[in-house]
Amino acid sequence: CNPLHREVHQDMEQPLCHYFIASSHNTYLSGDQLLSQSRADMYARVLQAGCRCVEVDCWDGPDGEPVVHHGYTLTSKILFRDVAETINKYAFIKNEFPVILSIENHCSIQQQKKIAQYLKEIFGDKLDLSSVNTGDPRQLPSPQDLKGKILVKV
């Protein structure tokens with residue numbers, strides 16, 4: 001084997017929309033989407049396996065605390081805060097390219113504010129708060145530009 005062929009080079013300077021992104025659906029579930037357990041450690045597992053887009057289904061929880069679970073099913077519920085803390089801990093251990101939180105929002109305004117508060121507190125400078133308001137996807141930042149950043153799509 002030619003030693004030069006062992007190195008892989010990928011141009012990561014193109015706009016984000018030029019890439020396929022490894023994504024996870026119902027990331028929090030440890031099994032089926034009707035009866036299984038929701039677990040924060042599932043985020044650690046998929047992030048370490050190379051996933052860069054994770055789904056977070058947010059619902060109003062008790063005591064003003066948003067929860068993550070598969071709505072209208074018998075899956076268990078976990079606190080949004082625990083999910084965010086797990087993502088923060090494992091997001092960039094194996095890969096420094098951006099992580100996209102795909103938030104499915106079913107929360108009241110009050111609990112949406114709580115989610116925003118947790119995102120800012122837990123992710124700090126990792127949270128990309130820039131606003132991309134363009135119809136031209138060629139103007140999106142590149143994965144290289146977004147290294148170490150958490151992006152939120154809702």
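This is a guided tour of a predicted model, with a selection to make at each stop.

**Whole chain**

Start with the entire protein in cartoon view. The chain holds 3 helices and 5 strands, and along the sequence these elements follow the pattern α-β-β-β-α-β-α-β. Taken along the principal axes, the C-alpha atoms fill a box of roughly 55 × 40 × 25 Å. The protein has 154 residues, of which 41% count as buried. For contacts between residues at least 6 apart in sequence, 70% join residues at least 24 apart.

**The sheet**

Select the strands and hide the rest. What is the order of the strands in the sheet? The 5 strands form an open sheet in the order 3-2-1-4-5, and the pairing is mixed. Strand 3 and strand 5 are the edge strands, each pairing on one side only.

Select residues 99-106, which make up strand 4. Strand 4 pairs with strand 1 in the parallel sense, over 7 bridges. To find the register, show cysteine 58 and asparagine 105 of strand 4, which are bridge partners.

Now add residues 150-153, strand 5. Strand 5 runs parallel to strand 4 and is joined to strand 4 by 4 bridges. Valine 99 can serve as a marker here: its bridge partner in strand 5 is isoleucine 150.

**Helices on the sheet**

Keep the sheet on screen, then bring back helix 1, residues 41-48. Helix 1 packs on the sheet and touches strand 1, strand 2 and strand 4. The direction of helix 1 makes about 165 degrees with that of strand 1.

Next, bring back helix 3, residues 109-123. Helix 3 also packs on the sheet, where it touches strand 1, strand 4 and strand 5. Its direction makes about 165 degrees with that of strand 4.

Return to helix 1 and show its side chains. Which residues of helix 1 are buried? They are Met42, Tyr43, Ala44, Val46 and Leu47. The cover over the buried residues of helix 1 includes strand 1, strand 2, helix 2 and strand 4. Just after helix 1, select glycine 50, which takes a positive phi of about 110 degrees.

**Helix against helix**

Two packed helices are described by the angle between their axes and the distance between the axes. Select helix 1 together with helix 2, residues 80-90. Their axes come within 8 Å and cross at roughly 25 degrees, which makes helix 1 roughly parallel to helix 2. Helix 1 passes helix 2 in a right-handed crossing. On the helix 1 side, the contact is made by Asp41, Tyr43, Ala44, Leu47 and Gln48. On the helix 2 side, show Val83, Thr86, Ile87 and Tyr90.

Swap helix 1 for helix 3. The axes of helix 2 and helix 3 come within 10 Å, with a crossing angle of roughly 30 degrees. Helix 2 and helix 3 are therefore roughly parallel to each other, and their crossing is right-handed. Helix 2 contributes Phe80, Arg81, Ala84, Glu85, Ile87 and Asn88 to the contact. From helix 3 come Ile115, Tyr118, Leu119, Glu121, Ile122 and Phe123. Ile87 of helix 2 appears in the contact with helix 1 and in the contact with helix 3.

**The aromatic pair**

Where is the aromatic pair? A search of the whole structure finds 1 such pair. Select tryptophan 59 and tyrosine 72, whose rings sit edge-to-face, 5.2 Å centre to centre and with 85 degrees between the planes. Tryptophan 59 belongs to strand 1 (residues 53-59) and tyrosine 72 to the loop between strand 2 (67-68) and strand 3 (78-79), so the pair ties together parts that are 13 residues apart in sequence.

Are the two residues buried or exposed? Tryptophan 59 counts as buried, at 13% relative accessibility. Tyrosine 72 is exposed, with a relative accessible area of 79%.

**Two loop residues with positive phi**

Stay on tyrosine 72 and look at its backbone. Although it is not a glycine, tyrosine 72 has a positive phi of about 60 degrees.

For the last stop, select aspartate 63, in the loop between strand 1 and strand 2. Phi of aspartate 63 is near 60 degrees, again a positive value in a residue other than glycine. At 78% relative accessibility, aspartate 63 counts as exposed.

Conventions. Residues are numbered from 1 along each chain as its sequence is written. This is a predicted model: local features need pLDDT of at least 70, side-chain atom pairs count only at pLDDT 80 or more; totals for chains, interfaces and linings use all residues. Side-chain values use heavy atoms; hydrogens and water are left out. Rings of Phe, Tyr and Trp (its six-membered ring) pair if their centres lie within 6.5 Å; planes under 30 degrees apart count as stacked, over 60 as edge-to-face and the rest as tilted. Helices (H or I, at least four residues) and strands (E, at least two) are DSSP runs, numbered from the N terminus. Buried means under 20% relative accessible area, exposed over 50%, partly exposed in between (1.4 Å probe, protein chains only). Two strands pair if DSSP finds at least two bridges between them. Contact means heavy atoms within 4.5 Å. Axes are lines fitted to C-alpha atoms, for helices over the stretch in contact, and angles run from 0 to 180 degrees between N-to-C directions. Angles under 35 degrees count as roughly parallel, over 145 as roughly antiparallel, 65 to 115 as roughly perpendicular and the rest as oblique. A crossing is left-handed if the near helix is turned anticlockwise from the far one by less than a right angle, and right-handed if clockwise.
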